[in-house]
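Me: Please take a close look at one part of this model for me: the empty spaces in it and what surrounds them. I'm a first-year student, so keep it relaxed and go step by step.

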Amino acid sequence: MTATSPLTPAWLPAPDDVDALDPAIWAAGVARTDAGELAVQGVPASALAAEFGTPLIVLDEDDFRARARAFREGFDTAFASLCGGADVYFAGKSMLTLSTARWAAEEGLRVDTASGGELAIALRAGVDPAHIGLHGNNKSEAELLAALDAGVGRIIVDSVDELEHLAALAAEHGHIAPVMLRLTPGVHAHTHDFIATAHEDQKFGLSLAPSAQDADGNVAGRAPAAVAVALALASESVHLLGVHCHIGSQIFEADGFGLAAARVLEFLDHARAEHGVELAELDLGGGHGIAYTAADEPRPAAEIAAALADDVQKTVERLGMDCPRISLEPGRAISGPAGLTLYTVGVTKTVDVDAPGGGTAPRRYVAVDGGMSDNPRPVLYDADYTAALASRTSEAEPVLSRVVGKHCESGDILVRDVHLPADVRRGDLLAVPATGAYTHVMASNYNALTRPAVVAVRGGSARVIVRRETMDDLFAREADPAPGRPADQTPTPQESA
Ligand code: PLP
């Protein structure tokens, strides 16, 4: 069971130094101390675990802020001469807390929300309502009204049905709804590839392709997007700001964004010809890729911005139109690399499994005190992560290992394949990097596990920004607790440890 195990996936290199922390994957403030411990801005993993318990999501606040600034400055610079700069909305869905919303706003970003709950967090964090966008393919009346009442800067409308509903609601309540139309440009991007199609088989957005159907607000022979523009322009309770598209996630190249922008700009050109209006804004969504493992090679925000600005410039020149104000919605590229999750190792064991070339090979399992409830991405999306021994370094041979959680599911895998020192054992701390996005916000109480705390480290000190859940929290929604057993007296495993 060495680094040359036949079970090693092709993309996973044998480590030169199993204790090394690849700066492309780990937050800028992460380094080993002289004693060999992993530390965030100088705060050692053992100190974090002792003070806050594990599992623990740790955010390097400066790293988060630096990435936010890099997007704002990179896109502002690239689009300055073309359309006076760009507006960057932090996609709250990746990691929304009162603190992260504030950090984004303080770094000059706006905030994109995807539900009434996210909207409430952004508002409570003090984000200027004019700098908040509300998304969602099926927003409730309460969510739409909350957005209108708060005076959000944009409501991103997803269908003709929703546009009609929103226009009526706004008229009834004396509002003018600021609307962006979410279009499906027929471009789907993932990592290095993108596919372009005419028709979309997904729940989001208004198609640019003419509809064959006369149903649900569609007009046969007309593109739903064109129908929506005409409706929005005709409605006195709607202010049509512009259009939006979002083409996927973990995108490393600008080509997909460029093609989507070209298709949407062509659509805007047709709308100009038909209605004589130039729509002022174009949002190109999020999806900018990050390094979860050594196989991922993200490009800096400024590079993506420059390539995209080039593409957009060519398209607007070809069409002879003014460039609309560009906006974007990066989420994971800001919050993801800023975070790591600290776990405590429990059971380790090695099992023999069938090897691809015949025979068997050993696979080492390292079980930790969290799992799919604090990071469901490996289970949901087959997402790959890496991990490192955090509480010490080791001279032991690196062995191919699988980091699993403590849930009653054989699929409860956190890191499918990683080389860890052979002597990783009970009580060690393990760190999984790039977990600042889509972990805390997707966490569940599966198997009645309490959700981890989120801690922010800045200036060499750590503070809780979201406290760990307790057993009390688990019982808090139970309407019928067992008689004579006050639910609120049950200690958490951390408290009783
Ligand atoms: N904008 C929209 C409309 C999205 O649906 C998403 C993610 O699903 C994002 C932005 C953020 O994507 P990412 O976190 O990959 O940048």
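Reply: Let's start with a word you'll need. A cavity is a set of grid points where a 1.4 Å probe fits but cannot get out, and a residue counts as lining it if one of its atoms lies within 4 Å of a point. A pocket, by contrast, is an open set of points. Keep in mind that you're looking at a predicted model.

So how many cavities of 30 Å³ or more does the structure hold? The answer is 1. The largest cavity has a volume of about 40 Å³. Its lining is made of F75, F257, L284, G285, H288, L308, I326, S327 and L328. Sort those residues by class and you get 6 nonpolar, 3 polar and no charged ones. Which strand gives the most to this lining? That's strand 16, residues 325-328, with 3 residues. You can find them on the list yourself: I326, S327 and L328 are lining residues of the cavity, and their numbers fall within strand 16.

Now for the open spaces. The largest pocket has a volume of about 1000 Å³, and 43 residues line it. Those that lie nearest its centre are H246, G248, S249, R332 and Y381. Here the class count includes charge: 15 nonpolar, 17 polar and 11 charged residues. Several elements supply at least two lining residues each, namely strand 9 (177-184), strand 10 (187-191), strand 14 (248-251) and helix 11 (377-381). Strand 10 gives the most, with 4 residues.

Where does this pocket sit relative to the domains? Domain 1 (30-60 + 337-470) and domain 2 (62-335) both give residues to the lining, so the largest pocket lies between them. Notice that domain 1 is written as two stretches of the chain.

Strand 14 deserves a second glance. Q250 has its place in this strand, and its phi is near 50°, a positive value in a residue other than glycine. So strand 14 helps to line the largest pocket and also holds that backbone angle.

Next comes the second largest pocket, which has about 620 Å³ of space. It is lined by 26 residues, and D158, S159, K203, G205 and N218 lie nearest its centre. Helix 6 (160-172) and strand 12 (206-207) are the elements that give two or more residues to this lining. Helix 6 gives the most, with 4 residues. By class, you'd count 8 nonpolar, 11 polar and 7 charged residues.

There's a ligand to look at too. It has 15 residues around it, of which G287, E329, G331, R332 and Y438 come nearest. Some contacts are worth picking out. The side chain of E329 has an N or O atom 2.7 Å from a nitrogen atom of the ligand. With G331, a polar backbone atom is 2.9 Å from a ligand oxygen. R332 also brings a polar backbone atom, 2.8 Å from an oxygen atom of the ligand. You've met R332 before: it is one of the residues nearest the centre of the largest pocket.

Finally, let's look at some strands elsewhere in the chain. Strands of a sheet pair through backbone hydrogen bonds, either parallel or antiparallel. Both kinds turn up around strand 18 (residues 360-368). Strand 17 (residues 339-354) runs antiparallel to strand 18, joined by 8 bridges. One place to find the pairing is K349, whose bridge partner in strand 18 is Y365. The two strands form a hairpin with 5 residues between them, and G358 in the turn has a positive phi of about 105°. Strand 18 also pairs with strand 20 (residues 398-404), in the parallel sense, over 4 bridges. There, V366 has V403 as its bridge partner.

Back towards the start of the chain, there is an open sheet of 3 strands in the order 1-2-3, with antiparallel pairing. Its edge strands, strand 1 (30-32) and strand 3 (43-44), each pair on one side only. Strand 1 and strand 2 (residues 38-40) share 3 bridges, and A31 stands opposite A39. A little further along, P55 is in the loop between helix 1 (45-52) and strand 4 (56-60). The peptide bond leading into P55 from T54 is cis, with omega near -5°.

Notes: Residues are numbered from 1 along each chain as its sequence is written. This is a predicted model: local features need pLDDT of at least 70, side-chain atom pairs count only at pLDDT 80 or more; totals for chains, interfaces and linings use all residues. Side-chain values use heavy atoms; hydrogens and water are left out. Two strands pair if DSSP finds at least two bridges between them. On a 1 Å grid over the protein atoms alone, a cavity is a set of points where a 1.4 Å probe fits but cannot get out, and a pocket is an open set with protein on both sides within 12 Å along at least five of seven lines; lining residues have an atom within 4 Å of a point. Grid points are joined across faces, edges and corners, and a volume is the space filled by probe spheres set on the points. Ala, Val, Leu, Ile, Met, Phe, Trp, Tyr, Cys and Pro count as nonpolar, Asp, Glu, Lys and Arg as charged, and the others, Gly among them, as polar. Domain bounds come from an automatic or database domain assignment. A residue is near a molecule or strand if one of its heavy atoms lies within 4 Å of it. A polar contact is a pair of N or O atoms within 3.5 Å; within protein, one must be able to donate a hydrogen and the other to accept it, and residues adjacent in sequence count only if both atoms are side-chain atoms.
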